[in-house]
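Ready for a few worked exercises? Take a look at the model first, then try each task before reading on.

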Amino acid sequence: MKVVAIQPDVGIGDVERNLAHLEDLIRQAAREHEPDAIFLPESMTSKNVYDRRMRAVARPLDGSPLILLQRMAREFDCVMGGGYIAIRGEDTRGTYAVVEPDGTAQFHDKDQPSFWENNYYSGGEDDGVMETSLGPIGIANGFEWGRTRTARRMLGRVRLLAGGMHFPSFPSWRLTKPWFWDRDHEALLQYSRETPPRMARLLGVPAVHPSHVGAFTMETMMVPGLPWPSICVGETAICDADGVVLERLSYEDGEGWICADIDTTADPRPRDPMPPGFWNSLLPISVHAVWHVGNVHGRVKYEAMKSLRRHPWQRG
């Protein structure tokens, strides 16, 4: 089948304007390639950062993000995939929708928010495996691409891995530049390049990995008034089942899309053994530090605001 992965540069919090921009990218990619499927990243409606504007990003499950995906799927007669923060009962989730040309939708909720994402939504419980017109596919959001439990729950059950990534880097502060930017930023770039092929080899199936790109400035957790200037690193990729990168977009390539033909007819045949730990590869110690602090800070704040009914999505 022919698949497209879109690498967008969207603003923080401006959902409707971002959706209009995404529609333009989808139309251009669909007209150029006439694909069987188009995939956008997780959190396609906004960069997924620590910022007060993120409080207003959540939308109903069947709201404007899903409506866009359904309209594009019908118009271009292809499967559409994209992620957004969705209101799910008494909570919000990092949801990814896969929509058929007839408008039928299936959903995966990210199993565990990462870092500051915990401020804006909670974890889901489904396995991310979907039966679609393209065959059985697995959906992974964000750091689900980097966890062995994601691969374990899909092993032998899917013929394509899709979904998407929002991969922000370290702040480019002058004081910490020798450590965060010159050293650990480069390690993150390498990690993000290697993640799609690694997951393809672990599952033995092709992988479609759309990712966000572009510079941004967000707030800093627990340090009010301190800006966090950084970038989303890009690294959108389409890989075959051997982990060979068929097409790729880096940060330097900027916004755009890639297209490749992939084979989903073969039975899944893992090429690499499953790593024994929580992560499927090594990450800098600084990432682990921000991970743990951000997880605790975000969960406490999310639950406290939920108890006080202070989340904007609770007022609807």
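### Exercise 1: The largest cavity

The largest cavity is lined by 18 residues, and Phe115, Trp116, Phe143, Pro168 and Leu188 are the ones nearest its centre. This is a predicted model, so local features need pLDDT of at least 70 and side-chain atom pairs count only at pLDDT 80 or more, while totals for chains, interfaces and linings use all residues. Residues are numbered from 1 along each chain as its sequence is written, and side-chain values use heavy atoms, with hydrogens and water left out.

**Task.** Find the volume of the largest cavity and sort its lining by class.

**Solution.**
- Step 1: get the terms straight. On a 1 Å grid over the protein atoms alone, a cavity is a set of points where a 1.4 Å probe fits but cannot get out; a pocket is an open set with protein on both sides within 12 Å along at least five of seven lines; lining residues have an atom within 4 Å of a point.
- Step 2: get the volume. Grid points are joined across faces, edges and corners, and the volume is the space filled by probe spheres set on the points. For the largest cavity that comes to about 210 Å³.
- Step 3: sort the lining. Ala, Val, Leu, Ile, Met, Phe, Trp, Tyr, Cys and Pro count as nonpolar, Asp, Glu, Lys and Arg as charged, and the others, Gly among them, as polar. The result is eleven nonpolar, four polar and three charged residues.

### Exercise 2: The other spaces

**Task.** Say how many cavities of 30 Å³ or more the structure holds, then describe the second largest cavity and the two largest pockets.

**Solution.**
- Step 1: count. There are three cavities of 30 Å³ or more.
- Step 2: take the second largest cavity. It has about 60 Å³ of space, and its lining includes Met54, Arg55, Tyr120, His311 and Trp313. By class, that lining splits into seven nonpolar, two polar and one charged.
- Step 3: move to the largest pocket, with a volume of about 260 Å³. It has 14 lining residues, with Tyr50, Arg52, Glu219, Pro224 and Lys301 closest to its centre. Seven of the lining residues are nonpolar, two polar and five charged.
- Step 4: do the second largest pocket, at about 150 Å³. Here 16 residues make the lining, and Pro206, Ala241, Asp263, Ala266 and Arg271 lie nearest the centre. The classes are seven nonpolar, two polar and seven charged.

### Exercise 3: Helix α1

**Task.** Check the span of helix α1 against what its 19 residues should give, and work out what covers its buried residues.

**Solution.**
- Step 1: define the element. Helices (H or I, at least four residues) and strands (E, at least two) are DSSP runs, numbered from the N terminus.
- Step 2: compute. The expected span is 1.5 Å times one less than the number of residues. For α1 (residues 15–33) that gives 27 Å, and the end C-alpha atoms are 27 Å apart, so the two agree.
- Step 3: list burial (buried is under 20% relative accessible area, exposed over 50%, partly exposed in between, with a 1.4 Å probe and protein chains only). Among the buried residues of α1 are Val15, Leu19, Leu22, Ile26 and His33.
- Step 4: find the cover. It includes β1 (2–7), α2 (64–76), β4 (79–88) and β15 (256–261).
- Step 5: step off the end. Just after α1, Glu34 has a positive phi of about 50°.

### Exercise 4: Two loop residues

**Task.** Asp77 and Met222 have positive phi values; are they buried or exposed?

**Solution.**
- Step 1: Asp77, with phi near 50°, sits in the loop between α2 and β4. Its relative accessible area is 59%, so Asp77 is exposed.
- Step 2: Met222, at about 65°, is in the loop between β11 (213–219) and β12 (227–233). Met222 is exposed too, at 53% relative accessibility.

### Exercise 5: Cysteines

**Task.** Why is Cys78 not bonded to Cys259?

**Solution.**
- Step 1: set the test. A disulfide is a pair of cysteine sulfur atoms within 2.5 Å.
- Step 2: apply it. The closest cysteine sulfur to that of Cys78 is in Cys259, 11 Å off, which is too far for a bond.
- Step 3: go on to Cys239. Its nearest cysteine sulfur, also that of Cys259, is 14 Å away, and Cys239 is in no disulfide.
- Step 4: widen the search. The whole structure has zero disulfides.

Note on methods
Contact means heavy atoms within 4.5 Å.
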